[in-house]
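Biologist: Please take one part of this model and look at it closely, starting from a loop and following the chain into what comes after it. I would then like the account carried on to other places where the backbone or the packing deserves attention.

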Amino acid sequence: MTDLRWLADPRLSPDGTRVAYVERTLDHTTDAVVSRVGVVPAAGGPTAWLGPGEAPRWAPDGTRLAVSRGETLWLIDPHSGEATRLARQAGGQITEAAWAPDGSMLALARSAVVESLDGVRVDGRPGRWRRHRRIQVVRADGHPLWTLAGDAHSPQWSGDRLAFLTDEFGSGGDLCVATGPDEVTRRTDGSGPVRGFAWSPDGTRLAYLGHRHGDAGDVNLRLWLTDPDVELTADWRHGLGNPVRGDDPRGTGDATVVWSAASGRVYTEVAIGGRGPLAWFAPSSGRSGRAFDGGHTCLSPSVAAGRIAFIRTDPRDPGDIHVAEETTERPRALTEANPSAVRAAAPTVPLEVHASDGVEIDAWLTTRPGGRRPLLVNIHGGPHGAVGWRHTAEVQRLAARGYAVLTLNPRGSQGYGEDFATAIRGDWGGKDWSDITAAVDEAAGLPGVDPARMAIWGVSYGGFMAQWAIAHTDRFACAVSENGLSNFLAAWAAPGFWDLPMAGTPWTSKRYVDRSPLLEADRINTPLLLIHAEHDQVVPLSQSEQMHAALRLLGREVDLVRIPGEGHLMNLLGRPSARARRAAAVDAFLDRHLRPESKDACP
């Protein structure tokens, strides 16, 4: 995995002739994910590397790039590479900068996490902390002008107006506009979160992604306009801003929304089944559609001068920068970041699966040709995401070790409409487990799969499902649960997230008990490996410790591997040493239970 290059955050220059982007790699020397910024001509050619950094943002005249380097923000000449430090955030980070249209000012998104006894738990850190996110406006020479009070992030300018997102009102994200530190107008009403936005080219309106269903995590994000308030997605079945997932952080967090001055279209990411085209909407005509559809996933669109740039990734390829004319939609690749990985990758083929009630379920098998191979059934986390036509490094790593890897989108997944995603409200371990069973049945009957050597594995919700599966069947030779849930009663802390999945509170719904794998530990006879990040504040370590203790008391085969210094998203953000320790534990466990005779299935 240290040979892989993940490209991210492409940004077209204002004249559309160049694309700035970020390349990320795993560095064992520093034991960190490291990144550098490059610029590639939109007409094709070599990348000019500008040194370390994230979040490249072009000046309006295209002569400089603002680049974040952790605590500092630098202005870089893309031709000479000359860099000037503009600002510093002691004890925190400057995560991005937004240029004012005339180039005279920048809005800096500053972030710091400070330990505090009256704070909250922050994933990846022990104890309690307060997260401070501020936007500071500075002149182009770095001289500070004003700062927004309270929580603020994701700045975007139009004229002298600064739009931003805030959690200040406790609604999970509101859209606001400021013309000064004390002149802030709230543009959304707090009835649901806002996850991304863009100004119209003429600055008269804002387009934003959100929903109006409070804390619900399983409903579609929709596209809205301000001035007047209009929804553009009333006829859309698919939720926006939630693209097909892999095991890297691209496409997580706030969604990308861009509004093209040339075409008048608003573009954003979308999952349609396991495919990831870009969705577009034309506010002037009310029309909408998909761009760049196919067996791949498109991420992080950027528009300028009638062109659109984006990352395109598929199951064999971590992804490259592509650019196209908006009028033709014929993309061409500007980079070739991972030629060796693409050549060595195992093919992925779709399977035809129907659940017991006739619902069609998307599933895929990734395996090398030849022989009968052990089957690994991977259940994605969320559960309200989607997998499919996107690169996942761990799937390819395990396929290279001789396994056939089954991935699928059971009910609860996004990409198939709201009814599909909400079908497991109050029913985790019900319809979703039935869908998984149907997919396993289909894969187990294939000639290249050995049904006597099968394992189930997943992270977070997928870890819950791995535990739930082995409490309800003995067909798997072993199971792996990573940062998984075992006890929903212990997971509940306050009204909010769990009320929909568990159909109420612990005193109003029996689901907290009858869907907790821990309460059925005595039915588990399958060897289980539990892996848990010690600083996981989303699904605490105690969830795995309780299952481990129960199975040890019952005399069953169970191992618990604790990964120090990591949080819930270890598979996306973890240090190389943590990923290596996790992979070594998985490989040893699977070798012991699925291939005791030899490693003859390995290439």
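**Around helix 2, and outward from there**

Modeller: P383 is found in the loop between strand 31 and helix 2, and in this predicted model the peptide bond that joins G382 to P383 is cis, with an omega of about 5°. Beyond this loop comes helix 2, which covers residues 393-400. Seven of the eight residues of helix 2 are buried, so this helix is largely enclosed by the rest of the structure. The buried residues are A393, E394, V395, Q396, R397, L398 and A399, a list in which E394 and R397 stand beside residues such as V395 and L398. What do these residues pack against? Their surroundings are made up of strand 1 (6-12), strand 30 (360-366), strand 31 (373-379), strand 32 (404-408), strand 33 (449-459) and helix 10 (576-594).

Q396 serves as an example within helix 2. Its relative accessible area is 11%, and because buried means under 20%, Q396 counts as buried. If its neighbours within four places in sequence are left aside, Q396 is in contact with P315, R316, A345, A346, T366 and H391. After helix 2 comes G402, and the phi of G402 is positive, near 105°.

The peptide bond before P383 has a counterpart elsewhere: D227 and P228 are also joined by a cis peptide bond, with omega about -5°. P228 lies in the loop between strand 19 (222-225) and strand 20, and both strands belong to an open sheet of four strands with the order 17-18-19-20 and antiparallel pairing. Strand 17 (194-199) and strand 20 (230-231) stand at the edges of this sheet with a single partner strand each, so one side of each has no neighbour in the sheet. Strand 17 runs antiparallel to strand 18 (residues 206-210) and is joined to it by five bridges; in one of these pairings, the bridge partner of F197 is Y208 in strand 18.

Besides G402, there are residues with a positive phi that are not glycines. F292 has a positive phi of about 60° and lies in the loop between strand 24 (287-291) and strand 25 (297-304), while A305, with a positive phi of about 55°, is found in the loop between strand 25 and strand 26 (307-314). Their surroundings differ in accessibility: F292 counts as buried at 9% relative accessibility, whereas A305 counts as exposed at 55%. A glycine with a positive phi, of about 95°, is G142, which sits in the turn of the hairpin formed by strand 11 and strand 12, with four residues between the two strands. Strand 11 and strand 12 (residues 144-147) pair in the antiparallel sense over three bridges, and Q136 stands opposite T147 of strand 12. Strand 11 (residues 129-139) is also joined to strand 10 (residues 105-120), again antiparallel, by twelve bridges, and there M105 has R139 of strand 11 as its bridge partner.

The last region is helical. Helix 4 (residues 431-444) and helix 5 (residues 461-470) pack at an angle of about 75°, with 11 Å between their axes, and these helices are therefore roughly perpendicular to each other. On the side of helix 4 the contact is made by D432, W433 and I436, and on the side of helix 5 by Y461, M465, W468 and A469. By character, the residues of this contact divide into six nonpolar, no polar and one charged.

Y461 also takes part in an aromatic pair with W428, one of 15 aromatic pairs found in a search of the whole structure. The two rings meet edge-to-face, with 5.0 Å from centre to centre and 85° between the planes. W428 lies in the loop between helix 3 (418-421) and helix 4, and Y461 in helix 5, so this pair ties together parts that are 33 residues apart in sequence. W428 counts as buried at 2% relative accessibility, and Y461 is buried as well, with a relative accessible area of 1%. Together with F464, W468, F488, F497 and W498, W428 and Y461 form one aromatic cluster.

Note on methods. Residues are numbered from 1 along each chain as its sequence is written. This is a predicted model: local features need pLDDT of at least 70, side-chain atom pairs count only at pLDDT 80 or more; totals for chains, interfaces and linings use all residues. Side-chain values use heavy atoms; hydrogens and water are left out. Axes are lines fitted to C-alpha atoms, for helices over the stretch in contact, and angles run from 0 to 180 degrees between N-to-C directions. Angles under 35 degrees count as roughly parallel, over 145 as roughly antiparallel, 65 to 115 as roughly perpendicular and the rest as oblique. Contact means heavy atoms within 4.5 Å. Ala, Val, Leu, Ile, Met, Phe, Trp, Tyr, Cys and Pro count as nonpolar, Asp, Glu, Lys and Arg as charged, and the others, Gly among them, as polar. Two strands pair if DSSP finds at least two bridges between them. Rings of Phe, Tyr and Trp (its six-membered ring) pair if their centres lie within 6.5 Å; planes under 30 degrees apart count as stacked, over 60 as edge-to-face and the rest as tilted. Buried means under 20% relative accessible area, exposed over 50%, partly exposed in between (1.4 Å probe, protein chains only).
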